[in-house]
Amino acid sequence: MNRKDVPSTHVRDRVLAARLEETPLRDAEAEAHQRDCAECRRFVEDVEAAVQLFRSHPVAAPPALTALTRRRVREHVVAAREEDDRRRATVLASALACATSAAMLLATTRCAVWLVSWAGLPAGVAWTAIPVLWFLPATLAGFAALALKSAGSALGTRGGVE
Amino acid sequence: MTASSLAMSAALLEDERSVIARGLARRDPEVLDQLITEYQHRLYRYLLHLTAEPALAEDLFQETWLRVVDRGRQYDGRSSFGTWLLAIARHLTIDHLRRRRPASLDALLEEEPGSGRIAVETGPTPFDLVVNDERAQRVDQGIAALPAIHREMLVLRFREEMPLAEIAVVVGVPLSTVKSRLYRALAALAERMERS
């Protein structure tokens, strides 16, 4: 086979394709061309050399970097676990608050209904009284806070410092 | 290798992956320690070839492991841990480069490196030993002059010996794109060496 029979670019393409897939170049035409063409031979040698260089390049992580990374990872794990614990505690507290509120609502409603029935009042009074029972303490607390603030008390002035 | 031994090694691999997944989900320091030991050189090599800057590679190395701690629960053991780790490292590198110079991802990785020579941290390299070899010099120069996107392909395929399918997972592109990028990388390298 003469080197003129096969264009060099085709041979190079075949060589690259074979190298890429890590398959041996079973291509008589390309092999014959390489034997005859110094340029292509050099191209193939360059590709092989590049691959070999990559394989033999002994780049290793510096031990100091690995040690530092291990330390940072351990610290990060501790911080992440603490964050997890905090998040879990918040979820638990919220769930507990919701459950308590639901229980309180139920108990207050039952009490109001029982009291109204015990006093012999019409049932509609109970349904009027329930929101009052719920909102009255909060409203009273709000008024109390306003009153304390206007009076300049310790509660209304952040620790008593004017 | 017989079919039963193949099945056994596949089962062992599967088991190892699920052990890693469980350990990461628990943020088990022992498991993390073992993983750092096993993958330190591979990760560092990859980052060094991708960035061509040892200081940046070291920063990203640490950041990658911290990200592994944070995102450990997302590893499901379906792909190998090495593939997952390199994908994280790649994302961090791109984020970093994007912060440095806002541009498209391809543009970032395809930029010609300014000083792309890879610094080797340990001992004399085979390159040092054959420094008089004209071809070795040309290869080194050729690799250094390649854009990061091509260096990445070459290092994953020929240094880390990754199958093309795994490279596709790391880089997040189809297999056909991996093939064409690898082809272009090899061709570019050979062309640069020929020119030099």
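# A tour of helix contacts in chain B, with a stop at chain A

Begin in chain B by selecting B:Leu56, B:Leu60, B:Glu63, B:Thr64, B:Trp65, B:Arg67, B:Val68 and B:Arg71 in α3(B), which meet B:Phe81, B:Trp84, B:Leu85, B:Ile88, B:Ala89, B:Leu92, B:Thr93, B:His96 and B:Arg100 in α4(B). The residues of this contact between α3(B) and α4(B) divide into ten nonpolar, three polar and four charged. Keep in mind during the tour that the model is predicted.

**The angle between α3(B) and α4(B)**

Now show the two helices as ribbons. The axes of α3(B) and α4(B) are 9 Å apart, and the helices pack at an angle of about 120°. The pair therefore counts as oblique. Turn the view until one helix lies in front of the other: the crossing of α3(B) and α4(B) is right-handed.

**One residue in α3(B)**

Select B:Thr64, which sits in helix α3 of chain B. Is B:Thr64 buried or exposed? Its relative accessible area is 0%, so B:Thr64 is buried. Next, show what surrounds it. With neighbours within four places in sequence left aside, B:Thr64 is in contact with B:Leu43, B:Leu47, B:Leu85, B:Ile88, B:Ala89 and B:Leu92. Of these, B:Leu43 and B:Leu47 belong to α2(B), while B:Leu85, B:Ile88, B:Ala89 and B:Leu92 belong to α4(B).

**From α3(B) back to α2(B)**

Select helix α2 (residues 29-51) and helix α3 (residues 54-71) of chain B. Their axes lie 9 Å apart, and the angle between the helices is about 140°. At that angle, α2(B) and α3(B) are therefore oblique to each other. As you turn the pair, note that α2(B) and α3(B) make a right-handed crossing. From α2(B), the contact takes in B:Leu32, B:Leu35, B:Ile36, B:Tyr39, B:Gln40, B:Leu43, B:Tyr44, B:Leu47, B:Leu48 and B:Thr51. From α3(B), the residues to select are B:Pro54, B:Leu56, B:Ala57, B:Glu58, B:Leu60, B:Phe61, B:Thr64, B:Trp65, B:Val68 and B:Val69. Colour this contact of α2(B) with α3(B) by residue type and you should find 16 nonpolar, three polar and one charged.

**Two loops and their backbone angles**

Most residues other than glycine have a negative phi. The next two stops depart from that pattern. Go to B:Ala52, in the loop between α2 and α3 of chain B. B:Ala52 is not a glycine, and its phi is positive, near 60°. With a relative accessible area of 8%, B:Ala52 is buried.

Then move to B:Arg27, which is found in the loop between α1 (3-26) and α2 of chain B. What is the phi of B:Arg27? The value is about 55°, again positive in a residue that is not a glycine. B:Arg27 has a relative accessible area of 9% and is buried.

**Helix α8(B)**

Select residues 148-159 of chain B, which form helix α8. How many of its twelve residues are buried? The count is twelve of twelve, and the helix is mostly covered. Among the buried residues are some with charged side chains, including B:Arg151, B:Glu152, B:Arg157 and B:Arg159. Step just past the end of α8(B) to B:Glu161, where phi is positive at about 55°.

**α4(B) meets α9(B)**

Return to helix α4 (residues 81-100) of chain B and add helix α9 (residues 164-171) of chain B. Their axes come within 8 Å and cross at roughly 40°. The crossing of α4(B) and α9(B) is right-handed. On the α4(B) side, select B:Thr83, B:Leu86, B:Ala87 and B:Arg90; on the α9(B) side, select B:Glu166, B:Val169, B:Val170 and B:Val171. These contact residues divide into five nonpolar, one polar and two charged.

Stay in helix α9 of chain B and pick B:Ala168. At 11% relative accessibility, B:Ala168 counts as buried, because the cut-off for buried is under 20%. Not counting residues up to four places away in sequence, B:Ala168 touches B:Val173, B:Pro174, B:Leu175 and B:Val178. Draw a distance from the C-alpha atom of B:Ala168 to that of B:Thr83: the two are separated by 9.6 Å, although they are 85 residues apart along the chain.

**Last stop: chain A**

Switch the display to chain A, which has five helices and zero strands. Buried residues account for 28% of its 162 residues. Chain A exposes about 10800 Å², with 65% of that supplied by carbon and sulfur atoms. For contacts in chain A between residues at least 6 apart in sequence, 46% join residues at least 24 apart.

Technical notes:
Residues are numbered from 1 along each chain as its sequence is written. Chains are lettered from A and ligands numbered from 1 in the order in which they are written. This is a predicted model: local features need pLDDT of at least 70, side-chain atom pairs count only at pLDDT 80 or more; totals for chains, interfaces and linings use all residues. Side-chain values use heavy atoms; hydrogens and water are left out. Buried means under 20% relative accessible area, exposed over 50%, partly exposed in between (1.4 Å probe, protein chains only). Helices (H or I, at least four residues) and strands (E, at least two) are DSSP runs, numbered from the N terminus. Axes are lines fitted to C-alpha atoms, for helices over the stretch in contact, and angles run from 0 to 180 degrees between N-to-C directions. A crossing is left-handed if the near helix is turned anticlockwise from the far one by less than a right angle, and right-handed if clockwise. Contact means heavy atoms within 4.5 Å. Angles under 35 degrees count as roughly parallel, over 145 as roughly antiparallel, 65 to 115 as roughly perpendicular and the rest as oblique. Accessible areas come from the Shrake-Rupley method with a 1.4 Å probe; for residues, only the protein chains shown count as cover.
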